[in-house]
Amino acid sequence: MDSDLFSRRRAARFAQLLDEANGGRRHHVRSRADDQLTALVAVGRRLVDERPDVEVDQEFRTGLRAMLMATAEREGVGVTAGAATGTTPATATSRGSLLGAVTARQVRARGAILVGIAAGAVALSGISAASEDAVPGDALYGMKRSTERAQLALASSDLGRGQLFLDFARTRLDEAATLHGDLAGFSAVLDDMDADTRQGVRLLTTTAAQRSDPAGLDAVNTFVAGQRRAVTGLLDGASRAERDRTRRSLTLLDTIRERSDALRAAIACELPAPAASDALGPAPASCPADR
């Protein structure tokens, strides 16, 4: 499978959806990525509609412009179809004309995405600062979670997505610390924290098993060590019900550490990638006693 090809198609479809969202011509097509891309476009629309009144630092503007200009030059944005294909209208064959048309669409797609990045980056410079401390019930909490989904959609690998999920689990823990006394809210945030933890661990352990590389497991172990200390801190001053709920998250972290250690041992004794899997990723067999 040509992942680069599918990335280009995804980018082109994203550009179409951005264009439609801003009142452009509708494209009567659908792709398998539409559900995810539509959510990302909605985030972009909300960034525009709900952006706070902030003054963007001139240094940020200068740096952003330099980044966009470098990307435009590297990606060929602004290059005509004929220049991109090495043909001219007078000499292009019918096949060359078709390739030129495709290239032109790609150029427009890249241009639209760069515009979206520029608008989003300027908006996020204010919105992220305003929403990063939001907790469930705050007006900007939905924007905070939407920004996280956008980060996941733009991540380039399972390893990157796994690390993002673990970052989000740390964020949920910080939110839970502000919700002592609200058992429903406290429990709901810990449920989200555990879900993010499982997602991140599953992606990292799967990558480690597939590559026979324990690097992803190092990230898991570092996360578990720090997260367990922080989650234990939630027990201080908690009600009995809150302590019971907190201990469930501690049990999950202990189970994750056991899984990580078992996978590390399986990689060390060169066992094949496990066929069995669960919510935490591959479930390895034990190494033979003679190894």
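A disulfide is a pair of cysteine sulfur atoms within 2.5 Å. By this rule, the count here comes to one disulfide. You're working with a predicted model, where local features need pLDDT of at least 70, side-chain atom pairs count only at pLDDT 80 or more, and totals for chains, interfaces and linings use all residues. Residues are numbered from 1 along each chain as its sequence is written, and side-chain values use heavy atoms, with hydrogens and water left out.

**Exercise 1.** Find the two cysteines that form the disulfide, and work out which parts of the chain they tie together.

*Step 1.* Look for the sulfur atoms: those of Cys 269 and Cys 287 are 1.9 Å apart, and the two residues form a disulfide.

*Step 2.* Place them on the chain. Helices (H or I, at least four residues) and strands (E, at least two) are DSSP runs, numbered from the N terminus. Cys 269 sits in the loop between α10 (240-268) and β1 (277-278), and Cys 287 in the segment after β2 (281-282), so the pair ties together parts that are 18 residues apart in sequence.

*Step 3.* Check the twist: the torsion about the S-S bond of Cys 269 and Cys 287 is about -80 degrees, so this disulfide is left-handed.

*Step 4.* Now check burial. Buried means under 20% relative accessible area, exposed over 50%, and partly exposed in between (1.4 Å probe, protein chains only). Cys 269 is buried, at 10%, while Cys 287 is partly exposed, at 26%.

**Exercise 2.** Find the salt-bridge partner of Glu 175, and say whether the two residues are buried or exposed.

*Step 1.* Get the rule straight: a salt bridge is a side-chain nitrogen of Lys or Arg within 4 Å of a carboxyl oxygen of Asp or Glu. The structure holds 15 of them.

*Step 2.* Glu 175 pairs up with Lys 144, and their closest N and O atoms are 2.8 Å apart. Glu 175 lies in helix α7 (residues 158-177) and Lys 144 in helix α6, so the pair ties together parts that are 31 residues apart in sequence.

*Step 3.* Both Glu 175 and Lys 144 are buried.

**Exercise 3.** Do the same for Asp 191: find its partner and where each residue lies.

*Step 1.* Asp 191 forms a salt bridge with Arg 245, with the closest N and O atoms 2.9 Å apart.

*Step 2.* Asp 191 is in helix α8 (residues 183-211) and Arg 245 in helix α10, so they tie together parts that are 54 residues apart in sequence.

*Step 3.* Asp 191 counts as partly exposed at 39% relative accessibility, but Arg 245 is buried at 4%.
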